[in-house]
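Student: Could you walk me through this model, starting with the ligand site?

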Amino acid sequence: MDDKARLEEFEARINAGEKIEPKDWMPEEYRKNLIRMISQHAHSEIVGMLPEGNWLTRAPSLRRKLVLLAKIQDEAGHGLYLYNAAETLGISREELLDNLHTGKAKYSSIFNYPTHTWADIGAIGWLVDGAAMVNQVSLMRTSYGPYARAMVRICKEEAFHNRQGYELIAELCAGTPEQKQMAQDALNRWWGPSLQMFGPDDKHSVHSEQSLRWKIKAESNESLRQKFINMTVPQAEARGLTIPDPELVFHPETKTYSYGPINWDEFFNVIKGNGFLNKQRLKTRNEAHDRGHWVRQAAEAYAQKHKQ
Ligand code: FAQ
């Protein structure tokens, strides 16, 4: 079979809703795009542990500390499934991590923002995990089998992450006026960056057309952003919080919200490496990786010994 015939067969399988598996023929562009996207996703899970890890020693109760600890451990697990899924496409873990540590690969823009107060931990769970969940539920339908299957478990855990964040925010809203203000301040700071997490609008999204055609992505950036807004605004209102967007309007006939402009200059600046914490995040990740050298060395020696 020549490449043209292979491509036709590949696209017919995608259109029929079949999953593509690691040993199946796939166009080089499909493989490359998936490695880019899955690895960016994996790196986001791992870098996403950093802002929350910083708050473990400052959690206000033992219960909150246990919940946060469990959530951070889940994120490490998500990173692991995703690195494994990326490896099935023929790239090594070392190369994937090297791309993160040298700044060649991206991770989610959202993790370059600082966490000023405990309410920010609630906002991360409620908004950041909420946005991640909306995106990942749609990725359960991605055409690449290992990625789709990783999403099933990840989504179950994201639902718990999202609820714990919302519960934390709800508790602050039911507390003193100062606590409620903390929750509002966190919402004010995290709302815009959370909307940016879905990526640029359809006109400016570089990969969407091809990714939608090959069902790497099941939905466009815009459509997922809209779902997130429709889900989250009523949750804010239920706690007496105000979404920081004066142009937000509910349309009862379509049951959707229209919203004001998103700050894309800020977004592109952050993904170019100029966000508030980009340099610090990479430095911390590199240091953690170096500290783990002896563990990888021991695991490698063990694997070698048992191969013989
Ligand atoms: N941040 O052409 P598009 C989480 C880049 S998981 C940084 O539209 P695409 C869990 C994009 O890479 C969060 N860069 O790209 C957690 C491309 O640049 P490139 C992560 C971004 O891939 C919660 C350029 O802009 N989730 O948070 C971002 O078709 C709490 C043009 O964009 C995933 O990664 C961004 N936000 O669509 C952990 C889900 N958006 O690569 C701890 C899987 C866009 O050409 C605590 N990924 N860019 O140099 C996706 O669904 C897609 O990759 C999108 C972007 C939707 C993110």
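Student: Okay, how far does a polar side-chain atom of asparagine 135 lie from an oxygen atom of the ligand?

Tutor: Keep in mind that this is a predicted model. A pair of N or O atoms counts as a polar contact within 3.5 Å. The pair formed by a polar side-chain atom of asparagine 135 and a ligand oxygen sits at 3.0 Å.

Student: And how much of the ligand's accessible area does the protein cover?

Tutor: On its own, the ligand has 1100 Å² of accessible area. Of that, the protein covers 92%.

Student: What distance separates lysine 106 from an oxygen atom of the ligand?

Tutor: Lys106 is among the closest residues in the set of 34 that surround the ligand. From a polar side-chain atom of lysine 106 to a ligand oxygen, the gap is 2.5 Å.

Student: How do the residues of the shell divide by class?

Tutor: Helices α2, α4, α6, α7 and α11 each supply at least two residues of that shell. By class, the shell has eight charged, twelve polar and 14 nonpolar residues.

Student: Moving on, how is α12 oriented relative to α13?

Tutor: The axes of α12 (278-291) and α13 (293-307) come within 4 Å and cross at roughly 40°. Angles under 35 degrees would count as roughly parallel, and 65 to 115 as roughly perpendicular. So α12 is oblique to α13.

Student: Which residues of α13 make that contact?

Tutor: On the α12 side, His289, Asp290 and Arg291 take part. Their partners on α13 are His293, Trp294 and Arg296.

Methods. Residues numbered from 1 in each chain as written. Predicted model: local features only at pLDDT ≥ 70, side-chain atom pairs only at ≥ 80, totals over all residues. Heavy atoms only, no water. Axes fitted to C-alpha atoms, helices over the stretch in contact; angles between N-to-C directions. Parallel < 35°, antiparallel > 145°, perpendicular 65-115°, else oblique. Contact = heavy atoms within 4.5 Å. Near = heavy atom within 4 Å. Polar contact = N/O pair within 3.5 Å; in protein donor to acceptor, adjacent residues only side chain to side chain. Areas by Shrake-Rupley, 256 points an atom, 1.4 Å probe, with all protein chains shown as cover. Nonpolar A, V, L, I, M, F, W, Y, C, P; charged D, E, K, R; others polar.
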